[in-house]
2 protein chains.
Amino acid sequence: MISKNLTAASTKPIILGILKQGNSYGYLIIKKIKELSGGKMEYSDGMLYPVLHRLEKEKFIKSNWTMDGGSRPRKYYEITELGKQELVHEQAQWVEVTSVLETLWGKTSTST
Amino acid sequence: MISKNLTAASTKPIILGILKQGNSYGYLIIKKIKELSGGKMEYSDGMLYPVLHRLEKEKFIKSNWTMDGGSRPRKYYEITELGKQELVHEQAQWVEVTSVLETLWGKTSTST
DNA sequence: TCGTAATACTTTGATATTCTATGTATATAG
DNA sequence: CTATATACATAGAATATCAAAGTATTACGA
């Protein structure tokens, strides 16, 4: 299992990344994350929905209810332009930190 | 500046990584992180010391006071065997999550 | 030698975050 | 008709965080 901190740090870029691939809704996003991580990351609904609400409040995503004939209502989320910008920003930060870590890992592994 | 979440997620591997390179003490660790990140990550002392205490309590690092002639007392920290194992573990998790993100980034950038 | 800045470590507690638990409701399979 | 999966929502207990304040020593210029 992925640690709490790391989960927290990756939640935003993962959700935005998934939505950049195409619109989706809460329940499906949870499944997609589980699938993408090979089961290593698993969000409960109580964990994910509040994050979606926050991201929407911050204008990174927007939602609209859909009732595809027959199925029950779903709240589809879509990434906004602002959200795309934020994703780029998140990406840059991730690379930044990873680079610091790689410097350290590189140096620590020289002893073979 | 690096986001709070990402800072939180990287604190442990960064500290353990620095100490794996060689013993160090709080004040110097703060400076080293700032230097390594090109100023993008900056810990206040109030942020770092409690983390060191926690890591020591968890047996990932151990400390001993030194009084090199002339200079004031310093609490040097050293990584333990358990700490080295934990670092490997942290590293694996980081790679895991980065791989999920890269999958998403890869797919999102196909549109050129 | 006096004052200031840098070094060095510590702890408290207000503030913010998180996520568990719980609730609602529909669709579907058996 | 019942159990389970789907689908979304939120209160608030529990926890984590970090700014701020405190202590003390050394270095250094005036």
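Five elements each put at least two residues into the surface near DNA strand C: α3 (45-57) of chain A, plus α1 (4-21), α2 (26-36), α3 (45-57) and β3 (74-79) of chain B. Keep in mind that this is a predicted model. Here's a quick tour of that DNA-facing surface, then of some tyrosine pairs.

**The surface near DNA strand C**
- α3(B) chips in with the largest share, five residues.
- Sorted by class, the surface has eight charged, seven polar and six nonpolar residues.
- There are 21 residues around the strand, and those that come nearest are R72(A), Y27(B), Y49(B), R74(B) and K75(B).
- On the DNA side, sugar or phosphate accounts for 73% of the strand C atoms within 4 Å of the protein, with bases making up the rest.

**Polar contacts to the strand**
- The side chain of R72(A) has an N or O atom 2.7 Å from a sugar or linking oxygen of strand C.
- K31(B) goes for the phosphate: a side-chain N or O atom sits 2.9 Å from a phosphate oxygen.
- D45(B) picks a base instead, with a side-chain N or O atom 2.9 Å from a base nitrogen.

**Aromatic pairs**
- Over all chains, the count is three aromatic pairs.
- One of them is Y25(A) with Y76(A), ring centres 5.2 Å apart and planes at 65°, so it's edge-to-face.
- Y25(A) is in strand β1 and Y76(A) in strand β3, so this pair ties together parts 51 residues apart in sequence.
- Y25(A) is buried at 13% relative accessible area, while Y76(A) is partly exposed at 22%.
- In chain B, Y25(B) and Y76(B) also pair edge-to-face, at 5.2 Å centre to centre and 65° between planes.
- Y25(B) is buried at 14%, and Y76(B) is partly exposed at 21%.

Definitions and conventions
Residues are numbered from 1 along each chain as its sequence is written. Chains are lettered from A and ligands numbered from 1 in the order in which they are written. This is a predicted model: local features need pLDDT of at least 70, side-chain atom pairs count only at pLDDT 80 or more; totals for chains, interfaces and linings use all residues. Side-chain values use heavy atoms; hydrogens and water are left out. A residue is near a molecule or strand if one of its heavy atoms lies within 4 Å of it. A polar contact is a pair of N or O atoms within 3.5 Å; within protein, one must be able to donate a hydrogen and the other to accept it, and residues adjacent in sequence count only if both atoms are side-chain atoms. Helices (H or I, at least four residues) and strands (E, at least two) are DSSP runs, numbered from the N terminus. Ala, Val, Leu, Ile, Met, Phe, Trp, Tyr, Cys and Pro count as nonpolar, Asp, Glu, Lys and Arg as charged, and the others, Gly among them, as polar. Rings of Phe, Tyr and Trp (its six-membered ring) pair if their centres lie within 6.5 Å; planes under 30 degrees apart count as stacked, over 60 as edge-to-face and the rest as tilted. Buried means under 20% relative accessible area, exposed over 50%, partly exposed in between (1.4 Å probe, protein chains only).
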